[in-house]
Amino acid sequence: MDIQEVAKSRFSLKKDDMVQVIAGKDKGKSGKILEVSAKTGRVTVEKINMVKRHTKPTQKNPQGGVILKEKSVHYSNVLLMCPKCNRGVRFGIKMSEKSGEKTRVCKKCKSTLSDK
Ligand SMILES: [Zn+2]
C-alpha cells in the first residue's frame with residue numbers, strides 16, 4: 001500500500017501527541033501538544049517556547065508578577081515523535097482499504113503510530 005506524503009501535516013497533529021521542535025530557540029527539545037489550532041496552523045507544546053507574562057495582582061498573589069507560559073509555535077516547526085526512532089520524524093498517512101480509517105506511519109521505520 002502506498003504511503004502518501006502528508007502535505008498538510010498540521011491536520012495529523014493532535015492534542016497529547018509528542019513532538020520534537022526543529023526550529024527556533026527550543027530546537028531539539030520535545031514535548032506534549034497541549035493545544036492544536038487547525039485554523040492558524042499553530043500548536044502549543046508543553047514547556048516549549050516559554051514566554052514571560054505579566055499578571056495582575058490577585059488575592060492569592062497580591063504582588064502580581066511574571067509567570068512563564070507556553071506560546072504556540074507553527075506546525076512546520078515541529079515533527080511528530082516516533083517512539084521507535086526516538087526522534088521527530090516525518091509521518092505519512094496510510095488508509096485502511098477496509099474501514100477507510102487513517103493511520104499515521106513513520107517514514108523512517110514504517111511503524112504505525114497508534115492513536116490514543
Ligand atoms: Zn520511526
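## A pair in the strand 10 hairpin

Gly92 sits across from Val105 of strand 11. That match belongs to the antiparallel pairing of strand 10 (residues 91–95) with strand 11 (residues 102–106), which runs over five bridges. Some vocabulary here: strands are DSSP runs of E with at least two residues, helices are runs of H or I with at least four residues, and both are numbered from the N terminus. Two strands pair if DSSP finds at least two bridges between them.

The two strands make a hairpin with six residues between them, and Gly100 in the turn has a positive phi of about 75°.

## What sort of model this is

We're looking at a predicted model, where local features need pLDDT of at least 70 and side-chain atom pairs count only at pLDDT 80 or more, while totals for chains, interfaces and linings use all residues. Residue numbers start from 1 along each chain as its sequence is written.

## The overall layout

How many helices and strands does the protein have? The count is zero helices and twelve strands, so by the DSSP definition every element in the pattern is a strand. Written out along the sequence, that gives β-β-β-β-β-β-β-β-β-β-β-β.

Of the 116 residues in the protein, 18% are buried. Here buried means 20 or more other C-beta atoms within 10 Å of the residue's own, exposed means 12 or fewer, and partly exposed is in between, with C-beta atoms placed from the backbone. On contacts, take those in the protein with a separation of 6 or more: 45% of them link residues 24 or more positions apart. A contact is a pair of residues whose C-beta atoms, placed from the backbone, lie within 7 Å.

## The six-stranded sheet

Six strands build an open sheet in the order 7-4-3-2-8-9, with antiparallel pairing. Which strands stand at the edges? They are strand 7 (73–74) and strand 9 (87–89); each has a single partner strand, so one side of each is left without a neighbour in the sheet.

Further in along that order, strand 2 (residues 18–21) and strand 8 (residues 78–82) run antiparallel and are joined by three bridges. One of the matches there is Val21, whose bridge partner in strand 8 is Val78.

## Arg87 on strand 9

Arg87 lies in strand 9, and it counts as partly exposed because it has 13 C-beta neighbours inside 10 Å. Ignoring neighbours within four places in sequence, Arg87 is in contact with Gln20, Met81 and Cys82. Gln20 is 67 residues from Arg87 in sequence, yet their C-alpha atoms are 6.9 Å apart in space.

## On to strand 12

Strand 11 also runs antiparallel to strand 12 (residues 112–113), with two bridges joining them. Arg104 stands opposite Leu113 of strand 12. This second hairpin has five residues between the strands, and Lys110 takes a positive phi near 65°.

## Positive phi in two loops

Asp16 isn't a glycine, but it has a positive phi of about 75°. Its place is the loop between strand 1 (4–5) and strand 2. Is Asp16 buried or exposed? Asp16 counts as exposed, because it has 11 C-beta neighbours inside 10 Å.

Asn49, another residue other than glycine, has a positive phi near 60°. Asn49 lies in the loop between strand 4 (42–45) and strand 5 (50–55). With 18 other C-beta atoms within 10 Å, Asn49 is partly exposed.

Note on methods
Two residues are in contact if their C-beta atoms, placed from the backbone, lie within 7 Å.
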